[in-house]
Amino acid sequence: NQLDNDEQVKRKSESENRQLRALEKQLKILKQEKEDTYKDLAEARELLTTRSRELREAQVKRQRAVEEAQEGEERYSQLRLQKQKLSRELRDREEEMEVVMEKVESLRQELSRADKSRLEVSGWRGEWVASGIKAGEHRE
């Protein structure tokens, strides 16, 4: 009976040792998993920090791009208004130039008529002078 008892104690002891070794192995695995999880967590935090910084930088760049686009639109609007103003001024100047050209043409026509009239008068005067000379010769 003692032998049976010793045998049972021995088997129980071996069983408990196996269980202990299994638990120790499981504990070792869990500790490694915990370490790996902390390592993954640290990497995730570092990645999150990096991504957050990159996101902030991207937001700043986007904001600058939006501001530059708005400035460009404002400048374009100003240039468009300036172009419209200059186009109106150009049309006004062209109209003024047309009026001036018409006046110049009118003055040329008047000058041409005046020249013709002067030539006619000059021709008549020459005739009158010649007639006067002849008349004076006849009187003598």
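How many residues apart are Arg118 and Asp115 in helix 1? They are 3 residues apart, about one turn of the helix. The model that shows this pair is predicted.

**Overall form**

The protein chain contains 1 helix and 0 strands. Helix 1 covers residues 2–139. Taken along the principal axes, the C-alpha atoms of the protein chain fill a box of roughly 200 × 15 × 15 Å. The radius of gyration of the protein chain is 58 Å, whereas a compact globule of 140 residues would have a value near 14 Å.

**Surface**

Of the 140 residues of the protein chain, 0% count as buried. The accessible surface of the protein chain is about 13700 Å², and carbon and sulfur atoms account for 52% of that surface.

**Charges**

The protein chain carries 32 positive and 33 negative charges. The mean positions of these two sets are 3 Å apart. A patch of negative charge on the surface is formed by Glu33, Glu35, Asp36, Asp40, Glu43 and Glu46. One of these residues, Glu33, lies in helix 1. Glu33 has a relative accessibility of 44%, so Glu33 counts as partly exposed.

**Salt bridges**

The whole structure holds 5 salt bridges. The table gives some of them, with the distance between N and O atoms.

| Residues | N to O distance |
|---|---|
| Arg11 and Glu7 | 3.9 Å |
| Glu105 and Arg108 | 3.8 Å |
| Arg118 and Asp115 | 3.6 Å |

Arg11 and Glu7 are separated by about one helical turn, because they are 4 residues apart in helix 1. Glu7 has a relative accessible area of 37% and is therefore partly exposed.

Further along the sequence numbering, Glu105 and Arg108 are 3 residues apart in helix 1, so about one helical turn separates them. Glu105 is partly exposed, at 37% relative accessibility. Its partner Arg108 is exposed, because its relative accessible area is 52% and the exposed class begins over 50%.

The pair from the opening question is joined through its side chains, which meet in a salt bridge. Arg118 is exposed, with a relative accessible area of 53%, whereas Asp115 is partly exposed at 33% relative accessibility.

Notes:
Residues are numbered from 1 along each chain as its sequence is written. This is a predicted model: local features need pLDDT of at least 70, side-chain atom pairs count only at pLDDT 80 or more; totals for chains, interfaces and linings use all residues. Side-chain values use heavy atoms; hydrogens and water are left out. Helices (H or I, at least four residues) and strands (E, at least two) are DSSP runs, numbered from the N terminus. The radius of gyration is taken over C-alpha atoms; the globule rule is 2.2 Å times the number of residues to the power 0.38. Buried means under 20% relative accessible area, exposed over 50%, partly exposed in between (1.4 Å probe, protein chains only). Accessible areas come from the Shrake-Rupley method with a 1.4 Å probe; for residues, only the protein chains shown count as cover. Lys and Arg count as positive and Asp and Glu as negative; His and the chain ends are not counted. The place of a charge is taken as NZ of Lys, CZ of Arg, CG of Asp or CD of Glu. Patches are made of residues with over 30% relative accessible area and no salt bridge: like charges are joined within 9 Å, nonpolar side chains (Val, Leu, Ile, Met, Phe, Trp, Tyr) within 5 Å. A salt bridge is a side-chain nitrogen of Lys or Arg within 4 Å of a carboxyl oxygen of Asp or Glu.
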